[in-house]
Amino acid sequence: MTRAACRLAIVLLAVACTRGAAAAASADAEADWREGLLPASVTQGEPSRGGTLVVRIDQEPPSLDGITDSALAIVWMLERKVVESMARLDAKKHPDYPLEPALATSWEISPDQLSFTFHLRRGVVWHDGAPFSGKDVVATVKKILDPGVRSLHLRNNFADLADIATAPGDDFTVVARYRKPYFLAFRALATLPIYPAHLLAQAGDMLHAKVHRAPVGTGPFRFEAWKSGDRISFVRNERYWGRKAWLERVVYRVVADPAVGFQLLKQGEFDLYLGLQPQQWLRDLEATGLKGRVRRIRFFNPNYNWIGWNEERGFFADARVRQALNYAIDTEAVRKTFLFGLDRPTTCHFYLESSACDPSLAPRPYDPARAAKLFDEAGWQDHDGDGIRDKDGVPFRFTFLMNADSVFLAKLAPYLQQELAKLGVAMEIRKVDWALFTQLVGEHRFDATSLRWGNSDVAQDPYEIWHSSQMKDGSNVVSFKDPRVDALIEEARATLDDARRNELYRKMGRLLYDEAPYVFLYSRPSLDAVRERVRGLRPSVAWYDLQDVWLSRK
Amino acid sequence: MTTTVLGVTLVAFVVARAAPGDPVALQGDLGLRAGSASVQQLREYRRLMGLDEPILAGYLRWLWHLVRGDLGTSFRDGRPVLSLLGEALPVTLLLSIPSLLIGYLLAVPAGIVSAARPGGWLDRSLATLAFLLHSLPLQWVALVLVVWPAGFPIQGLHSEGTTSLPDLLAHLVLPLVCLSYGSVAVISRFLRSSMLEQMRQDYVRTARAKGLSEAAVILRHALPNSLLSLITLFGLTFPALASGAVIVERIFGLPGMGKLTFEAVLGRDVPVVMGAVALGGVATALGTLISDLLYAAADPRISLEEGRAPR
């Protein structure tokens, strides 16, 4: 009897346990769905070979040539998949992404940090069958340095390169020497996608060469076809040096219109859907019954929105005024109402999860009283009683320049105007198209503006945005000038040790926070959806590694 | 004809080059990247793109290349403009010619029927329908058609792996509906009013007086005379055949002239804009020529020979 009761108890307990586990699992699934995280089970299980992965992209890249074009779609489609670099970001080590070997098996940095030696992998072949060697690395760098080639986005990384060559008598060792130690010089060279020397030799300015639209690399996938305006496809490279890809083919379909794209997603046309609209991600997926058939992904790449005040204008020269403007904006309300709460607040110039950011710097709260006090202290008071603050007879009246296409700014700008009007600051709004906008911002012909900076790597140099020398030619468009920040940036450039450099960047972050040249706003997530059957997917700043992806047979 | 093309392209070139916004800055990419462009490098880009020369010199150079059949290469992707046009124009013609035919085939009977009994129930319901169609915004109609489960494909020209004719036709259905409904409304109302004008003329009264049936009066007397205004309309809309439809092309993913031109304008891609404008100029001139020929065919009083115009 006792034994029977005991057994019964055990059975009941087991039932309770499984019930509890099931409830916990569904709560987990619910949390994953809400946050846009992929469950661990997605990367577990036995991979199977074969199948086609169909990916939706919203815009066709101008070419498939990373040497002449910097479109993000090119980076996504090609890097790590079709073309490879000597080293690559270790996608499993979020958020600092150290380098791991790829086409190079190992490397050394000289003690003076001026010379880098890469030992290359042997037995690698290009997609066209030619063997890979250090000559390809040298040819790629030379092509980028060629003034007749449209490769500005890469060339500056090699500004201090003295010389690059293969070691005498050894085509599988590449030595690069630099004039100055620079932390990004190593990372830029190590992660530079390598192209085949024998094709570069005949490619001229690249624009008219076959490889411009039909890339040849060493990666796990090789280029198959490009039907203009429709689709670009890649197939598995059966001669890949590493573990061969599971997928047979990857097809990128260009669907520009979001409503059409979503309709096709509902019809089951895509395995991986890139770039959902916030409403689609938040509401429509669930409302149209796609929950359960697809998983939501929300991932943050290094980027942030900012509002910048042109310090060449007298209004914005005083840090107290810039802080006041920051206190005048209820960034949390803006995030919740205009951005559906999907973006994440940041006060940092670097990737929001990176060690270069100081998490103790919280966004400034909404505090109009404090803003008014700061304006007063800076001498901006309403002396003539016309409702607008003034100083030395100049009313505080400025123009906010914005890109007319921006949905977010179309909501933010009127809000800003309203909030500032309450504080006695008159703001006008000027909308221009993107081409004119970039020109005006580049020439510093604006009072205040807003933009988003983005980067494809977590490691980056704040030099061109914040160093005072970059006011003229670089991207220091707000003309921020602070000798302390300049000194920190310069020191960081020559510091190859990551921990030490991040320490310097946190100090810089503190100064930027106090000086408030920008109102740092938010980091925008990428909002994607993936079919349930897709496995092995891992979002990272290096985008998705399709080499590890397989399709579940269930 | 040459004058038309010259005038159109000169104006377009000046506007394209003088427009604010810098294709070089767009290429240089205002991004947070490890290295952005220096001023010197941007200057070098300008030289590579031919943007450093004076506008007039640039136009003459463009014209000289045009005469030799070379439209230059796109700033955006470096491909020859001629091959970009060669890819986009067939797609556009595939849409525009059938939609033009559908437009006239539906509108002409509707216009005749309306004019035959002005104020009758058929005329009034056709008028209501025409105004309804004319006021439906294209973007909205296209999106309704996309979301409506009609079973027709909503993207591209072909399904994956097939190039069969039925498949192509199925892909054309929804874009053609979008492109035709508005023109049916316009053309039918246009024809109706010009028919009614003719019906008031003396020769129509004469025809009725001599005892012709109403059908004969309308089809053999009033209609041919009304055609003249329809030909004018045709000549005016002809250039649109080659210029594409931005909204429809974008929604249904059809890489035609509209998409090409629109993106080129946004990207300040001068060679592509100029190629599209030159094509448009030729189409305009061609449209005028064709409508002149049609006038002569439709109206014996108009002669193609010089100096023999009726006194």
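## Exercises on strands and helices in chain A

M402(A) stands opposite K431(A), a residue of strand 18 of chain A; like everything below, this pairing is read from a predicted model.

**Exercise 1.** Work out how strand 17 of chain A is joined to strand 18, and where strand 18 lies in its sheet.

*Solution.* Begin with the pair itself: strand 17 covers residues 397-403 of chain A and runs parallel to strand 18, with seven bridges joining the two. Next, place them in the open sheet of five strands, whose order in chain A is 18-17-19-13-20 and whose pairing is mixed. Strand 18 (426-432) and strand 20 (518-520) of chain A are the edge strands, each pairing on one side only. Neighbouring strands of this sheet are turned by 30° against each other on average, when direction is ignored. Finally, look at helix 13 of chain A (residues 434-442), which lies across strand 17, strand 18 and strand 19 (448-454) and runs at about 130° to strand 17.

**Exercise 2.** Describe the hairpin of strand 4 and strand 5 of chain A, and then find which helix packs against these strands.

*Solution.* First, strand 4 (residues 104-109) and strand 5 (residues 115-120) of chain A pair in the antiparallel sense over five bridges, and S106(A) has H119(A) as its bridge partner. Five residues separate the two strands, and Q113(A) in the turn has a positive phi of about 60°. Then turn to helix 5 of chain A (residues 183-190), in which six of the eight residues are buried, among them F186(A) and L189(A). The buried residues of helix 5 pack against strand 4 and strand 5 of chain A, and also against strand 2 (87-89), strand 3 (99-101) and strand 7 (170-178).

How values were computed. Residues numbered from 1 in each chain as written. Chains lettered and ligands numbered in written order. Predicted model: local features only at pLDDT ≥ 70, side-chain atom pairs only at ≥ 80, totals over all residues. Pairing = 2+ DSSP bridges. Helix = DSSP H or I, 4+ residues; strand = E, 2+ residues; numbered from the N terminus. Axes fitted to C-alpha atoms, helices over the stretch in contact; angles between N-to-C directions. Contact = placed C-beta atoms within 7 Å. Buried ≥ 20, exposed ≤ 12 C-beta atoms within 10 Å, placed from the backbone.
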